[in-house]
Amino acid sequence: MAYATAMRSTDSFPRRHLLADGLFLFFVAVYALAYLSGVVPLSAGGAVLDSDLCLYAQNMAGEDHPDLFVNDSVLCEGIPYNRIWTLLTFLAKLFTSGDDYGLGLLRSGALTIFLHFAAYYFLGRRLFGRPSLALLLSVVMGVTVYVGFGTFWGVMYSDPVPRVLYAALWPFLLLAALHALDSPAWRPIVMLFAGIGIYVQSVSALTVGAMLFMAFFLHVSGVRKYGSHSVNCALCLLLFFIPVLSFLWPSYSKEWTLSSADLDILRQLLNRRFAQDFGALGESLVRMFSHDNSLPQIFCGGFFGWLIVMFRGQGLARKLAKMYPGFLLGIAFTVFCSWAEAKWAMRTGHLQFGYELMRSLRFLVPLSWLMALSAIACFWPRLYNGARFLIVAATVSGILLLSHDRQQLAIVSAFSQGADISLPLREEIREGRRSAELYREALERLHNAVPVGEPVFGNGDYLAVRYLAMRPLVHSFRDGYFYYYKRDVPGARDWLRYTAMMENNPTGYIEAWRDSGARWLLSDRSQDKALLMPYGDIFWENAGWIIARKR
């Protein structure tokens, strides 16, 4: 009888876990679908997207309809930088119907959200065994943590971008690396997949490649001789760089001859374009570790968690703790390469291309969460069931209720609309919808009124002119990125001139529009109609936008 009771108890344990797993995946699927249902009207069908997604949407439009953008200085030619295959654009095209590139990106974003929560839950189940801890890991990994250098960690902040898609796939690579730590024959295969990750997001792939290599390099156990360990490490590097170089070669293999004056123009563009995100390295690092940034506290919690796991941890969690120092060294090496490349470029008269590697510091966040949760797992079985339930419930409820991120707005919007009930944030949601709908109306009017191929000047970053109105755009602040990578000196000069005009005063865009030669203007400053009248007619307007046409 005792044996039968023990067997029933043993059998029921995994069944309860499987039920918990199924319920989690169900609720995550509902969450992702609710986001999609809410974000479509909130963005007016993709008119208002995350700024990075706008870049991908306009590139997709330029690739599919090159004849429409012969007069667009950014999309007029298929430069390698905006024609490289990426997993995000591949998924977006699968989900795109006709020319609805914004909707395609939002649909791929919903898939990314589901994958992100599910992948970290799966990672937690493998590390800790218990669904409760796996749920905690999945939820905290989705929380937005601003890092600095214009980047963040988390999935809730905005419409999922390539770095979030990479983050959603990273747990599978991490689990493979944990398996390969004591099985050296698998390490080169893991490094090969780490290199292939560059087709998801380049900065993340280069950072994770450095992290994994340093962890493997420092872990000699399982390899009988240091000679064979060296050969294994060399093979890891070779297989990692095969896909990396195939990705980078089209953009950096071309010979460019630039004078010192041209180099100076492009450097001015780089400094102006990324002044806020990067600036002076020392000052940026100080800001990142200042008291108003949560990263230092999260990192300290992760570091103390690592110490606990090294003394008390077991299984995969302890193996992860052994890799932790190598991961930190890999991040530090990536940051050092960014700094060294900047110094080298300045001294030798070359352009700097590794500045974004500073964003690799965002991986301090997931590493810290992993170590902190691994430490909690050491004491979790000693807690009463009620205490464990309260911790999980309080954490999940606090994150969902206190967040004002875009995903939360979209989900509240979806449930509010579907159930016809009043929920928190309804005024913010209503205003966001109204603003997006007015913008969409202006874009549709542009599409119908502006002749095909005729450029439009905008007084802001209105990239949807390209991917929704399907018309060339003369100037956008984010266009500086393309002029730099194209080494387009004339385009860089125009960009610097228009940017300076528009920053002088709120109506500086009028002077820039006149100087550009563009016939059409899209502006969100209806109060400037009297100032525009001497130069053109107000062709159309609504409550938020005006379209002017030169006489």
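In this predicted model, the side chain environment of Leu212 offers a point of entry into the interior, since Leu212 touches Leu173, Ala177, Val190, Met191, Ala194 and Phe327 when residues up to four places away in sequence are not counted. Leu212 also belongs, together with Trp170 and Leu522, to the residues with the most contacts inside the largest nonpolar core, which has 153 residues. A second, separate core comprises 13 residues, including Tyr498, Met501, Ala512 and Leu521. In soluble globular proteins, nonpolar side chains tend to be buried together.

Helix α8 covers residues 202-218. The 17 residues of α8 reach 24 Å from the first C-alpha to the last, close to the 24 Å expected at 1.5 Å a residue. The helix is mostly covered, with 13 of its 17 residues buried. At the start of α8, a side-chain oxygen of Gln201 comes to within 3.5 Å of the backbone nitrogen of Val203.

Across the chain as a whole, 22 helices and six strands are found, and buried residues account for 53% of the 551 residues. Among contacts between residues at least 6 apart in sequence, 69% join residues that are at least 24 apart.

Four of the strands form an open sheet with mixed pairing, in the order β3-β4-β6-β5. The edges are occupied by β3 (456-458) and β5 (536-541), each of which has a single partner strand, so that one side of each is left without a neighbour in the sheet. Neighbouring strands of this sheet are turned against each other by 25° on average, direction ignored. Strands of a sheet pair through backbone hydrogen bonds, either parallel or antiparallel, and both senses are represented here, as the mixed pairing indicates.

The parallel sense applies to β3 and β4 (residues 520-523), which pair over three bridges, with Phe457 standing opposite Leu521 in β4. On the other hand, β4 and β6 pair in the antiparallel sense over four bridges, and the bridge partner of Trp520 in β6 is Arg549. Strands β5 and β6 likewise run antiparallel and are joined by five bridges, while a hairpin of four residues connects β5 to β6. Within this pairing, Asp537 stands opposite Arg549 in β6. Arg549 is thus placed opposite Asp537 and is also the bridge partner of Trp520.

Burial is pronounced in two of these strands. Four of the five residues of β6 (residues 546-550) are buried. In β4, Trp520 and Leu522 point one way whereas Leu521 and Ser523 point the other way, and all are buried. The residues of β4 also appear in the description of the cores, with Leu522 among the residues that have the most contacts inside the largest core and Leu521 included in the second, separate core.

Val450 lies in the loop between α17 (426-449) and β3. Its relative accessible area is 2%, under the 20% limit, and Val450 is therefore buried. Leaving aside neighbours within four places in sequence, Val450 is in contact with Val456, Arg471 and Trp520. The loop residue is also linked by position to β6, for Val450 and Arg549 are 99 residues apart in sequence and 9.5 Å apart in space, C-alpha to C-alpha.

How values were computed:
Residues are numbered from 1 along each chain as its sequence is written. This is a predicted model: local features need pLDDT of at least 70, side-chain atom pairs count only at pLDDT 80 or more; totals for chains, interfaces and linings use all residues. Side-chain values use heavy atoms; hydrogens and water are left out. Helices (H or I, at least four residues) and strands (E, at least two) are DSSP runs, numbered from the N terminus. The expected span of a helix is 1.5 Å times one less than its number of residues. Buried means under 20% relative accessible area, exposed over 50%, partly exposed in between (1.4 Å probe, protein chains only). A polar contact is a pair of N or O atoms within 3.5 Å; within protein, one must be able to donate a hydrogen and the other to accept it, and residues adjacent in sequence count only if both atoms are side-chain atoms. A nonpolar core is a set of buried Ala, Val, Leu, Ile, Met, Phe, Trp, Tyr and Cys residues joined through side-chain atoms within 4.5 Å. Contact means heavy atoms within 4.5 Å. Two strands pair if DSSP finds at least two bridges between them. Axes are lines fitted to C-alpha atoms, for helices over the stretch in contact, and angles run from 0 to 180 degrees between N-to-C directions.
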